[in-house]
Amino acid sequence: MHLALTAAALALAPGQAQPSTFGPAVTRLEATNAPAEPAQAGAEVLQLQRLPDLRLTVEIAVGAQGPFRFLVDTAADRSAVSRQLATRLKLPAGRDAVLHSVSGASRVNTASLRGMQVASRTLPDVTAPLLDADHFGADGILGTDVLRSALVRFDFRQRQLSITPSTRNRSGGSDANTIVVEARRRSGRLIVTEAELDGQRLTVVLDTGSEVSVGNAALRRALDRKGRLSGEKPIILGSVTGSTLPASYMMARRLDVGGVVLEGLGIAFAEAHTFKAMGISDRPALLLGMNALHAFDSLTIDMPARKLRFVMPAPAGRAGRFAENQQRKRGT
């Protein structure tokens, strides 16, 4: 059995034992007009908890017990559970599996994760890899395997998560602060191929499970040739398996994802195994992490319809968000 988790969740400065946040470093947002996603009746709305490194968790019940904190990871095609929670709940053991993470492939134990509930919504049963809670900071990971039939909306301003059954032909009104981006599905995730970073075409994967955006070697080579990167700083990426990977944290100038423009983006460049597992290691690619996504008011991911909806902050909100970003960058 083969499982995949993005696992580029933590950025560590060399010699540090605890996460060190180098972003978010987005300094400006722009967007064009597009239909907005209307509010949906019957949506399950939950409060999100933000970890110190910007990643988001939500409370989930398992087998009528809990609630437990699960990390919401849009780049993980499989959900996971901590070894500690599996022992506490006496979850039935599954077959061993090969887990693909940011640092490589490894064999892991699994458990049968049944009866998961988000508010009144029952999630599909899954066979989940067992991970040490200390390596990812939660009781479990909620991946796209349990969300692929839903429309999932992250409200970063209100810190809420809403889950609604997807309707492929859903449409909305016009809102100058919202833009819709068409995506493709690969390995259970949505990817955007209509994207450009400092004049270089690339593939983008939204990764709410990662503190920092991660670029592959092909992207760095392309940008180095153009002389578009600056401010190199060595860091270490931490995997959910506990292993680490060296990376170079650098600044890019302008990312355009289907009309959504982010300026001044911090990226950790690394030989991350994740890109190989997804089949995109041979071309420029980027995992867009929470250091960038946090700049938006909200993000809606509609897996069946293969659409992403970004809601931009109002001008006053943008100024406040970017002031917070710069404070985090300076460590104040």
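Let me begin with one residue, Leu131, which is buried, with a relative accessible area of 3%. The structure before us is a predicted model, and every value I quote is computed from it. Leu131 belongs to strand β15, which covers residues 126-131. Its C-alpha atom lies 8.8 Å from that of Gly242, although 111 residues separate Leu131 and Gly242 in sequence.

Which strand pairs with β15 in the antiparallel sense over four bridges? The partner is β12. Strand β12 is made of residues 110-113, and its Thr110 has Pro129 of β15 as bridge partner. Both faces of β12 are covered. On one side we find Thr110 and Ser112, on the other Ala111 and Leu113, and all of these residues are buried.

Let me now step back to the whole chain. The protein chain contains five helices and 30 strands. It has 332 residues, and 58% of them are buried. Among contacts between residues at least 6 apart in sequence, 71% join residues at least 24 apart. Leu131 and Gly242, which I mentioned at the start, are 111 residues apart in sequence. The accessible surface of the chain comes to about 13300 Å², and carbon and sulfur atoms account for 46% of that area.

I turn next to two further strand pairs. Strand β10, residues 97-101, pairs with strand β11, residues 104-108, in the antiparallel sense over five bridges. These strands form a hairpin, with two residues between them. Within this pair, Ser101 stands opposite Gly104 of β11.

The second pair runs the other way. Strand β23 is joined to strand β28, residues 285-288, by four bridges, and these strands run parallel. Here Thr203 has Ala285 of β28 as its bridge partner. Is β23 enclosed or open to the outside? Six of its seven residues, 200-206, are buried, so the strand is largely enclosed by the rest of the structure.

Let us move to a helix. Helix α2 spans residues 217-226, and Ala217 lies in it. Which residues of α2 are buried? They are Ala217, Ala218, Leu219, Ala222 and Leu223. A general point helps in reading such a list. An α-helix has 3.6 residues a turn, so residues three or four places apart point the same way. With that in mind, please look again at Ala218 and Ala222, and at Leu219 and Leu223, which are among the buried residues of α2.

Ala217 deserves a closer look. It counts as buried because its relative accessible area is 18%, and the limit for buried is under 20%. Leaving aside neighbours within four places in sequence, Ala217 is in contact with Ala270 and Glu271. The C-alpha atoms of Ala217 and Arg283 are separated by 8.7 Å, while the two residues are 66 apart along the chain. Just after α2, Gly227 takes a positive phi of about 65°.

That brings me to the backbone. Two residues other than glycine also have a positive phi: Ala64, with a value near 70°, and Lys90, with a value of about 55°. Where does each of them lie? Ala64 is in the loop between β7, residues 56-62, and β8, while Lys90 is in the loop between α1, residues 83-89, and β10. Ala64 counts as exposed because its relative accessibility is 79%. Lys90 counts as exposed as well, because its relative accessibility is 72%. Another backbone feature is found in strand β8, residues 65-72, which contains Pro67. The peptide bond from Gly66 to Pro67 is cis, with omega near 10°.

Finally, I come to the interior. How many cavities of 30 Å³ or more does the structure hold? There is one, and the largest cavity has a volume of about 110 Å³. By class, its lining has eight nonpolar, two polar and one charged residues. The lining includes Asp73 and Thr74, as well as Thr144, Leu147, Val152 and Phe154. Further along the chain, Leu190, Leu206, Ile301, Met303 and Leu308 also line the cavity. Leu206 brings us back to β23, the strand of residues 200-206 that is largely enclosed by the rest of the structure.

To close, I suggest finding three places in the model: buried Leu131, the hairpin of β10 and β11, and the cis peptide bond from Gly66 to Pro67.

How values were computed. Residues numbered from 1 in each chain as written. Predicted model: local features only at pLDDT ≥ 70, side-chain atom pairs only at ≥ 80, totals over all residues. Heavy atoms only, no water. 1 Å grid on protein atoms, 1.4 Å probe; cavity = no way out; pocket = protein on both sides within 12 Å on 5 of 7 lines; lining within 4 Å. Points joined across faces, edges and corners; volume = space filled by probe spheres on them. Nonpolar A, V, L, I, M, F, W, Y, C, P; charged D, E, K, R; others polar. Buried < 20%, exposed > 50% of the residue type's maximum accessible area, 1.4 Å probe, protein only. Contact = heavy atoms within 4.5 Å. Areas by Shrake-Rupley, 256 points an atom, 1.4 Å probe, with all protein chains shown as cover. Pairing = 2+ DSSP bridges.
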